[in-house]
Amino acid sequence: MLRNLASQAASFFSYDALKPSGRRKAPRRTVVREDHHVRGGKHRAIQENASDLARNLSIAAWMVRRHLDYVASFDFHGRNESEELNQRIEKLVAEDSRPSRTDVAGRFGREKMFRIAEARRVLDGDTALIKLDDGRFQGIQADLIRDPSDKQTSETWVNGVMIGRTGRPLSYGIHRRTSDTSVAFVRRVNAPNLIHYGFFDRYAGDQVRGISPLVSALNPLRDVYENFDYALAKSKVSQLFALAFYRDAEDSAGTVEYEGDESETEAGDTNDKYSVDFGGGPALLDLEPGDRAEFLESRQPSSEFQAFTQLIIQCAIKALDIPYSFYDESHTNFFGSRAAWLHYDRSCNDKRADQIEMRRSYTVWKLATWIRDGRLILPRGWRVSDVAFEWVPKGLPWFDTAKEVRGNVAAVKGALDNPQRICRATGTDLYDNIDQIAKAKEYAAKKGVSLEYVLDQAPQIIVPDATDIE
């Protein structure tokens, strides 16, 4: 009895999250692998739910496009001491960016292919790009990665991926579509020959397939989609206005006649009819004493509905860290919008890092392919790992060019920033800028034109001393 009392007393000083009540759902007591929640058909159900919203709800499609604009746009730059080698590699990267050298179907170029890969991982959780021997990609959607038909009992397969003891992917079961709804197993693809691109926030042993952060917004977005239809239907009904007549007398006022109405008053009925014509402009109703006429209308959608819908949208777009000022530009002023953009840009760094790693894997593979095919010759003693390169995210131009340029120049002079980072933030490359400026100066000198790149000094305002003012 003493032990029970001591146990009950200890529970009063425990975490509140461990004490469910009737007001909320009791938490699970077992921690399971993340893939357990989306095993089998559940993963495909989430994929189709997200894709359906992107097809039919413009807000969902806009969320994905806005995410892609900030996360999936990059430029390639060689970073070797030999400028000749940099130019050769950059030329090869540009050549192989065309659809015929990127996509096995010849439809998408490299940047479009990577943008689609980002879109698919947002909507589906993950996707795959198979590296073909000829240097092209074959894109594989998430639902085509399934357990193979020939898997062995000694193998560990999780939703189409064979893993080792540590959770490291070893092989993937690739399927193809045989009809609109049917698939068939094709082959296994070893992990080094495939880029598995997705959202992962748990260790390899606990999560094998990617799960998109958009999952948390699917139900709110579905509610918004359905509520839009209901509100629109109710609004249409409210536009079908009706006219109501009120009369204090006990007997009827007669038949209400509209233009085109062929009804006649019954014989012996001495009550006058009201004639109303809504198609000929303003109508004058000459009513009897005590009669009253009103239009029936409903103010839809209500302000409460609009406010609640706005709240749901605000919560939904936070799944991708998108600020509400992106959705409604009038929501805040310039400074609030600028602050929201800075916070959002910071949140994109982690997502861009995934893109950079995917592109790094792509570049190393392409370098090896070019060397094998004789399209690229490295300096003597060099290996692929010795080649330096960088994928730079495309930035945004300045909001207020004059003020920001002066501030950046002052920051560089004070060793508080560097030109390389500033150029990246604005979507340019310092070394390319210098090369192009040198070319422009050389060409201008040949034409006898002087080019000056000097920042004008800001005008100084001289405030007179108080003793000088009479």
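In this tour, two residues are in contact when they have heavy atoms within 4.5 Å of each other. Keep that in mind as you click around, and remember that you are looking at a predicted model.

**Stop 1: the whole chain**

Start with everything shown as a cartoon. The protein has 13 helices and 13 strands. Of its 470 residues, 31% count as buried. Now think about who touches whom: among contacts with a separation of 6 or more, 63% are between residues 24 or more positions apart.

**Stop 2: Val122**

Select Val122, which sits in helix α6. Is Val122 buried or exposed? With 0% relative accessibility, Val122 counts as buried, because the cut-off for buried is under 20%.

Next, show what surrounds this residue. Neighbours within four places in sequence aside, Val122 is in contact with Val64, His67, Phe199, Ser212, Leu214 and Leu320. Add Pro213 to your selection too. Pro213 is 91 residues away from Val122 along the chain, yet their C-alpha atoms are separated by 7.4 Å.

**Stop 3: α6 and α3**

Stay with α6 and look at its partners. Two packed helices are described by the angle between their axes and the distance between those axes.

Select α3 (residues 58-71) together with α6 (residues 110-124). Their axes come within 10 Å and cross at roughly 130°. An angle between 115 and 145 degrees counts as oblique, so α3 and α6 are oblique to each other. The crossing of α3 past α6 is right-handed.

Which residues bring these helices together? On the α3 side, show Val64, Arg65, His67, Leu68, Asp69 and Val71. On the α6 side, show Arg115, Glu118, Ala119, Val122 and Leu123. Sorted by class, this contact has 6 nonpolar, 1 polar and 4 charged residues. Val122 from the last stop is here again, and so are two of its contacts, Val64 and His67.

**Stop 4: α6 and α2**

Hide α3 and bring up α2, residues 41-56. The axes of α2 and α6 come within 8 Å and cross at roughly 115°. How are these two helices placed relative to each other? They are roughly perpendicular.

To see the meeting point, select His43, Ile46, Gln47, Ala50, Ser51 and Ala54 in α2, then Arg120, Leu123 and Asp124 in α6. The residues of this contact divide into 4 nonpolar, 3 polar and 2 charged. Leu123 also took part in the contact with α3.

**Stop 5: α6 and α10**

Now swap α2 for α10, which covers residues 334-373. Here the axes are 12 Å apart and the helices pack at an angle of about 135°. This makes α6 and α10 oblique to each other, and their crossing is right-handed.

From α6, show Arg110, Glu111, Phe114, Ala117, Glu118 and Arg121; from α10, show Lys351, Asp354, Gln355, Met358, Arg359 and Tyr362. How many of the residues in this contact are charged? There are 7, along with 4 nonpolar and 1 polar.

**Stop 6: Thr309**

Move to helix α8 (residues 303-317) and pick Thr309. At 9% relative accessibility, Thr309 counts as buried. Beyond neighbours within four places in sequence, Thr309 is in contact with Val224 and Phe228.

**Stop 7: two loop residues with a positive phi**

Select Asn159, found in the loop between β4 (157-158) and β5 (161-163). Asn159 is not a glycine, but has a positive phi of about 50°. Its relative accessibility is 16%, so Asn159 counts as buried.

Then jump to Ala415, in the loop between α11 (401-413) and α12 (419-425). Ala415 is not a glycine either, and its phi is positive at about 60°. Is Ala415 buried or exposed? Ala415 is exposed, with a relative accessible area of 66%.

**Stop 8: the cysteines**

For the last stop, select Cys315 and Cys348. Cys315 counts as partly exposed at 49% relative accessibility, whereas Cys348 counts as buried at 0%. How many disulfides does the structure hold? The number is 0.

Conventions
Residues numbered from 1 in each chain as written. Predicted model: local features only at pLDDT ≥ 70, side-chain atom pairs only at ≥ 80, totals over all residues. Heavy atoms only, no water. Axes fitted to C-alpha atoms, helices over the stretch in contact; angles between N-to-C directions. Helix = DSSP H or I, 4+ residues; strand = E, 2+ residues; numbered from the N terminus. Parallel < 35°, antiparallel > 145°, perpendicular 65-115°, else oblique. Left-handed = near helix turned anticlockwise from the far one by under 90°. Nonpolar A, V, L, I, M, F, W, Y, C, P; charged D, E, K, R; others polar. Buried < 20%, exposed > 50% of the residue type's maximum accessible area, 1.4 Å probe, protein only. Disulfide = S-S within 2.5 Å.
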